[in-house]
Amino acid sequence: MAGFVRRNFDAADETRPFEDGKGRLDLVETDQGSVGRAVFEPGWRWSEHVKPLAGTESCQAAHTGYVVSGRMKVVMDSGESVEVAPGDFVSIEPGHDAWVVGDDPCVMLDWTGFGEYARTGG
């Protein structure tokens with residue numbers, strides 16, 4: 001269909017679960033690349049629930065995204081940190097850990113960093 005693309009994350013092209021049932025990544029593929037919606041459940045932490053899949057010491061994906069709901073703390077390998085919340089646009093460079101803050105799931109959309117995210121060796 002020319003002119004626009006309409007996709008729904010509830011009918012994603014691929015869903016990747018995180019370790020220990022702590023959430024999932026839903027991906028839709030477009031001509032411009034992958035777009036992801038991640039649901040990070042309370043208790044989720046990258047270094048516990050994605051690191052075993054990625055096989056790296058910290059997250060090496062660059063993220064450009066939007067926080068839909070919930071809160072997350074992001075700590076760069078350098079020690080710099082930020083807490084993100086609903087309505088925040090985020091741009092996060094490779095080399096970080098992150099975890100859900102509070103008792104609510106954190107839902108994020110990402111249009112640059114989720115193509116290889118939570119994939120074995122990715």
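Start inside the largest cavity: its lining divides into 12 nonpolar residues, three polar and one charged. Keep in mind throughout that this is a predicted model.

**Stop 1: the cavity**

The count comes to one cavity of 30 Å³ or more. The largest cavity has a volume of about 130 Å³. Select F40, H63, M72, I92 and M108. Of the 16 lining residues, these are the closest to the cavity centre.

Now colour by strand. Four elements give two or more residues to this lining: β4 (63-69), β7 (89-92), β8 (96-101) and β9 (106-110). Which element gives the most to the lining of the largest cavity? Strand β9 does, with three residues.

**Stop 2: the nonpolar core**

Keep F40, M72 and M108 selected. These three are also among the residues with the most contacts inside the largest nonpolar core. Add F18, W44 and C106 to complete that group. The core has 23 residues in total. In soluble globular proteins, nonpolar side chains tend to be buried together.

Display the strands again. The elements that give two or more residues to this core are β2 (23-30), β3, β5 (71-76), β7, β8 and β9. Strand β5 gives the most, with three residues.

Zoom in on C106. Leave out residues up to four places away in sequence, and C106 touches nine that you can select one by one: A38, V39, F40, V67, S69, G70, R71, M72 and V100. Both F40 and M72 are in that list, and both line the cavity of the previous stop.

**Stop 3: R37**

Move to strand β3 (residues 33-40) and select R37. Is R37 buried or exposed? R37 is buried, because its relative accessible area is 17%, and the cut-off for buried is under 20%.

Next, show the side chain of D10. The side chains of R37 and D10 make a polar contact at 3.1 Å. Then bring up the wider surroundings. Beyond its neighbours within four places in sequence, R37 is in contact with F9, D10, R24, L25, D26, V107, M108, L109 and F114. M108 turns up here, having already appeared at the cavity and in the core.

**Stop 4: T30**

Go to strand β2 and pick T30. T30 counts as partly exposed, because its relative accessibility is 24% and that class lies between 20% and 50%.

Which backbone atoms does the side chain of T30 reach? One is the backbone nitrogen of Q32, at 3.1 Å. Another is the backbone oxygen of G33, which lies 2.7 Å from a polar atom of the T30 side chain. Now draw a distance between C-alpha atoms, from T30 to V5. The two residues are 25 apart along the chain, and the separation is 8.0 Å.

**Stop 5: the largest pocket**

Finish at the largest pocket, which holds about 150 Å³ of space. Select its lining: V74, M76, E80, S81, V82, V84, F89, V90, S91, I92 and E93. I92 belongs to this list and is also one of the residues closest to the cavity centre.

By class, the pocket lining has seven nonpolar, two polar and two charged residues. Strands β5, β6 (81-84) and β7 each supply at least two of the lining residues. Which of the elements gives the most to this lining? Strand β7 does, with four residues.

Technical notes:
Residues are numbered from 1 along each chain as its sequence is written. This is a predicted model: local features need pLDDT of at least 70, side-chain atom pairs count only at pLDDT 80 or more; totals for chains, interfaces and linings use all residues. Side-chain values use heavy atoms; hydrogens and water are left out. On a 1 Å grid over the protein atoms alone, a cavity is a set of points where a 1.4 Å probe fits but cannot get out, and a pocket is an open set with protein on both sides within 12 Å along at least five of seven lines; lining residues have an atom within 4 Å of a point. Grid points are joined across faces, edges and corners, and a volume is the space filled by probe spheres set on the points. Ala, Val, Leu, Ile, Met, Phe, Trp, Tyr, Cys and Pro count as nonpolar, Asp, Glu, Lys and Arg as charged, and the others, Gly among them, as polar. Buried means under 20% relative accessible area, exposed over 50%, partly exposed in between (1.4 Å probe, protein chains only). A polar contact is a pair of N or O atoms within 3.5 Å; within protein, one must be able to donate a hydrogen and the other to accept it, and residues adjacent in sequence count only if both atoms are side-chain atoms. Contact means heavy atoms within 4.5 Å. A nonpolar core is a set of buried Ala, Val, Leu, Ile, Met, Phe, Trp, Tyr and Cys residues joined through side-chain atoms within 4.5 Å.
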